[in-house]
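This report goes through one protein chain, from its overall build to single residues. The sequence and the structure come first.

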Amino acid sequence: QVQLVESGGGWVQPGGSLRLSCAASGSIFRLNVMGWHRQAPGKQRELVAAVASHNITNYADNMKGRFTISRDDDKNMLYLEMNNLKPEDTAVYYCNLFFRMSGQDYEYWGQGTHVTVSS
């Protein structure tokens, strides 16, 4: 079983920064994609950024330049550095892990961490 535990959320003023962390544990296939998604109140969950095992990254267009995703496979950690935060970044941020093994897809989600951007 795989567990994902996010941390680092909180309240920040517009223009501020936060760093989210996700600790992964369990049986994780080494070739995988980890990502951050977010869900704002009344909106659908959306991709923020993702990074594959070989460190290829993908960002949502409106996050490029402000957010940086990174991973530390030695520690089974995923990070999201968020800068110049805006009120519209307020959401619950979820860590996601996906991998395919023996022809079967596996996908896991964390419980989410709240980020509030307001003055």
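The sections below cover the fold, the core, the disulfide, the aromatic rings and one buried alanine.

## Overall build

The model is predicted. The chain contains 11 strands and 0 helices, so its pattern along the sequence reads β-β-β-β-β-β-β-β-β-β-β. The radius of gyration is 14 Å, close to the 14 Å that the globule rule gives for 119 residues, so the chain is as compact as a globular protein of that length. Measured out along the principal axes, the C-alpha trace spans about 50 × 25 × 25 Å.Of the 119 residues in the chain, 43% are buried. Among contacts with a separation of 6 or more, 53% are between residues 24 or more positions apart.

## The nonpolar core

The largest nonpolar core is made of 30 residues. Within this core, the residues with the most contacts are Leu 4, Trp 36, Leu 80, Met 82 and Tyr 93.

Several strands supply at least two core residues each: S1 (2–7), S3 (18–26), S4 (33–39), S5 (46–52), S7 (67–72), S8 (77–82), S9 (91–101) and S11 (113–117). Strand S9 gives the most, with 5 residues.

## The disulfide

The chain has 1 disulfide. It is formed by Cys 22 and Cys 95, whose sulfur atoms are 2.1 Å apart. The angle about the S-S bond is -80 degrees, and the link is left-handed.

This pair links distant parts of the chain, with Cys 22 in strand S3 and Cys 95 in strand S9, 73 residues apart. Both cysteines, Cys 22 and Cys 95, are buried.

## Aromatic rings and an arginine

There are 3 aromatic pairs in the structure. One of them joins Phe 99 and Tyr 106 in a stacked arrangement, with 5.2 Å from centre to centre and 20 degrees between the planes. The two partners differ in burial: Phe 99 counts as buried because its relative accessibility is 2%, while Tyr 106, at 22%, counts as partly exposed. The cut-off for buried is under 20% relative accessible area. Together with Tyr 108, Phe 99 and Tyr 106 form one aromatic cluster.

Arg 45 lies over the faces of two rings. The ring centre of Tyr 94 is 3.7 Å away from Arg 45, and for the face of Trp 109 the distance from the ring centre is 4.6 Å.

## Ala 52 and its surroundings

Is Ala 52 buried or exposed? Ala 52 counts as buried, because its relative accessibility of 10% falls under the 20% cut-off. This residue is in strand S5.

Which residues is Ala 52 in contact with, leaving aside its neighbours within four places in sequence? They are Asn 32, Val 33 and Arg 71. Val 33 is 19 residues from Ala 52 in sequence, yet the two are 4.2 Å apart in space, C-alpha to C-alpha.

Terms used
Residues numbered from 1 in each chain as written. Predicted model: local features only at pLDDT ≥ 70, side-chain atom pairs only at ≥ 80, totals over all residues. Heavy atoms only, no water. Phe/Tyr/Trp six-rings, centres within 6.5 Å; stacked < 30°, edge-to-face > 60°. Buried < 20%, exposed > 50% of the residue type's maximum accessible area, 1.4 Å probe, protein only. Lys NZ or Arg CZ within 6 Å of the ring centre and 35° of its normal. Core = buried A, V, L, I, M, F, W, Y, C linked by side-chain atoms within 4.5 Å. Helix = DSSP H or I, 4+ residues; strand = E, 2+ residues; numbered from the N terminus. Contact = heavy atoms within 4.5 Å. Disulfide = S-S within 2.5 Å. Rg over C-alpha atoms; globule rule 2.2 N^0.38 Å.
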